[in-house]
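Thanks for making time this morning. I would like to walk you through one model, going from a single helix outwards, so please have the sequence and the structure open.

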Protein chains: 2
Amino acid sequence: MKQYNVGVLGATGAVGQEMLKILQQRNFPVKDLRPLASARSAGTKIEFMGEQVPIVETTDKAFSGLDIVLGAAENDIAEKFAPHILEAGAVFVDNSSAFRLREDVPLIVPEINPEDVKWHKGILSNPNCTTIITLMALSGIARVTEIETMVASSYQAVSGAGIAGMRELQEEVAASFKGESYAPKAFPYPIAYNVIPQIGSRQFMGYTSEEMKMQNEGRKILHLPEMKVSCTCVRVPVLRSHSISALIRTKDKISVEQARSLIAAAPGCRLVDDLDNKQYPMPLDTSDQDLVFVGRIREDLTDDHGLNFWCCGDQIRKGAALNTIQIAELL
Amino acid sequence: MKQYNVGVLGATGAVGQEMLKILQQRNFPVKDLRPLASARSAGTKIEFMGEQVPIVETTDKAFSGLDIVLGAAENDIAEKFAPHILEAGAVFVDNSSAFRLREDVPLIVPEINPEDVKWHKGILSNPNCTTIITLMALSGIARVTEIETMVASSYQAVSGAGIAGMRELQEEVAASFKGESYAPKAFPYPIAYNVIPQIGSRQFMGYTSEEMKMQNEGRKILHLPEMKVSCTCVRVPVLRSHSISALIRTKDKISVEQARSLIAAAPGCRLVDDLDNKQYPMPLDTSDQDLVFVGRIREDLTDDHGLNFWCCGDQIRKGAALNTIQIAELL
């Protein structure tokens with residue numbers, strides 16, 4: 001079996017660390033691993049497949065000999081180093097939003113549009129976490145009819161702001177428990193005992209960048225350039241699973257029973273939909289695992305072709321690290 | 001000025017205690033106060049307007065001489081004692097859901113349908129907390145055009161489950177902070193670091209009783225018997241303010257600018273809508289005060305006559321105790 005030299009760009013972040021874990025859990029055919037991070041972490045050793053591997057400082061020349069680079073860094077880092085990754089002859093599977101909407105870059109959810117990996121020109125993008133989880137939930141339905149519109153409200157975990165976000169929620173809770181004050185850094189306001197209806201910055205008609213990803217990335221992944229999405233993205237005091245309340249309108253009417261069958265059969269999804277027995281997706285149940293849980297499936301009371309559902313998925317795994325590695329596996 | 005003998009049914013609960021506070025804050029013309037609770041609390045004294053007032057056990061005969069009874073008890077208690085309250089000649093302003101949809105009972109949000117108090121026959125109902133807060137937010141718009149449909153997802157505080165709900169969140173956080181385990185009682189699952197997509201029990205087509213209140217009570221309050229609402233109600237780890245992400249479709253198109261003016265001018269509402277300066281309603285800012293904050297107003301991207309907004313209000317005050325006392329003031 002062919003083995004690959006794999007770089008992880010941003011190896012010390014929440015998503016980077018999870019990528020290292022998943023590469024091992026899934027026995028990805030790694031020949032040599034090269035964890036890349038800032039100069040600050042260079043030289044620190046991490047354990048990978050029973051060996052101590054030193055972290056390498058990310059420089060223009062740091063990619064030579066690599067076959068694949070998994071990107072777990074911010075947009076500016078991804079943009080800065082992408083040319084050097086391509087120059088070194090590696091394929092860049094990137095989790096930042098820098099390249100997602102570029103026409104020459106496929107944007108992939110492996111369970112939905114694996115065929116799009118074929119036309120890559122060196123860079124492939126991993127979609128936004130909330131978009132991945134929501135599209136996974138409706139992927140079974142999207143296979144049989146067009147999604148025309150979606151109205152979505154998210155309940156997003158603090159892990160979306162990385163390790164700093166997770167630490168901030170825990171420190172805030174600790175401070176409030178001790179009666180101490182705490183100055184928020186990762187978020188603009190306290191997130192403990194609060195919800196914050198802004199993720200990202202203003203982008204289009206009063207919608208934030210995070211809210212527009214659901215429409216813009218969703219259109220590209222589902223090959224539905226006309227799909228319209230009204231999205232409201234909200235941060236909640238949850239550690240690492242995102243939840244989404246969504247209403248879709250479909251071209252052909254899909255009954256609740258059909259929707260249940262399609263979701264139950266969709267790869268990567270688990271149907272958890274039994275209200276009488278208090279069974280529905282919850283972030284505590286979906287953390288640190290790979291499936292997107294879907295439930296609360298109901299006919300829309302406002303439109304004959306609408307369906308409501310509720311879904312949860314681990315933001316760090318399926319929302320980021322796992323999906324990126326699944327793209328690399330497709331390659 | 002005429003003064004009234006006022007009973008508070010369920011005076012020891014979260015809403016009952018808040019009612020006692022608000023009666024004093026608003027200088028409600030109370031002649032004699034009679035706090036009513038279970039036998040367990042009877043005899044305990046509470047302070048009201050500088051005097052020590054003993055709690056009275058709720059019995060069939062406990063209402064004699066009262067002019068008004070404010071109800072802050074559960075449905076079964078409200079149903080059991082309503083006939084005795086009417087028999088005693090008092091008017092019953094009830095916060096339970098027992099009588100809300102009865103044809104001979106007005107359901108009132110004083111800023112929206114004060115005229116409906118006129119046809120009461122002894123019982124008036126206070127609406128569901130999430131419904132009050134959402135309808136308050138759209139009340140300015142509802143004055144100029146019909147709301148045809150609404151899609152809403154809620155972020156509801158634990159105070160909706162009373163003092164027990166608030167205590168549970170705080171005890172769970174403390175237990176998790178100390179690394180101890182905690183068995184949930186007020187909610188079916190842990191609520192700390194979690195969200196629970198069920199409030200109430202299954203009622204109609206997979207929707208819960210809480211979710212159907214938005215449509216059923218909304219129709220009655222707004223006098224829009226055809227209004228259709230798809231609602232998803234979710235409990236979040238917030239102490240006492242509910243938030244709602246809502247999308248309304250109106251008969252006449254309302255622009256974002258018009259909506260902002262109408263909301264800014266609506267009694268009981270505060271417009272907080274400046275994304276660039278990170279100004280929007282949040283539960284921590286709306287707790288322990290009377291206004292409903294409204295922001296994130298955006299054109300619906302899926303329908304020409306749609307508007308998205310986000311609102312927050314204190315569940316115990318405007319969502320329950322304050323609104324009940326405002327109804328009593330109208331009388």
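**A helix inside chain B**

Let me begin with H3(B), where 14 of the 14 residues are buried, so this helix is largely enclosed by the rest of the structure. By buried I mean that 20 or more other C-beta atoms lie within 10 Å of the residue's own, whereas 12 or fewer makes a residue exposed and anything in between partly exposed, with C-beta atoms placed from the backbone. Helices here are DSSP runs of H or I with at least four residues, strands are runs of E with at least two, and both are numbered from the N terminus.

I should say at once that this is a predicted model, in which local features need pLDDT of at least 70 and side-chain atom pairs count only at pLDDT 80 or more, while totals for chains, interfaces and linings use all residues. Residues are numbered from 1 along each chain as its sequence is written, and chains are lettered from A and ligands numbered from 1 in the order in which they are written.

Staying with helix H3 (residues 129-142) of chain B, its 14 residues should span 20 Å at 1.5 Å a residue (the expected span being 1.5 Å times one less than the number of residues), and the end C-alpha atoms are 19 Å apart, which agrees. The same helix, H3(B), has a kink of about 40 degrees centred on Met136(B), where the bend is the angle between axes fitted to the seven residues ending there and the seven starting there.

Next, consider Leu33(B), which lies in strand S2 (residues 30-37) of chain B. Why does Leu33(B) count as buried? Because Leu33(B) has 21 C-beta neighbours inside 10 Å. Leaving aside neighbours within four places in sequence, Leu33(B) is in contact (C-beta atoms, placed from the backbone, within 7 Å) with Val6(B), Phe48(B) and Val53(B).

Val6(B) also appears among the contacts of Leu70(B), which include Met19(B) and Ile325(B), again setting aside neighbours within four places in sequence.

Finally, the two chains meet in a contact that takes 50 residues from chain A and 50 residues from chain B. The elements giving two or more residues to chain A's side include helix H4 (162-178) and strand S13 (241-250) of chain A.
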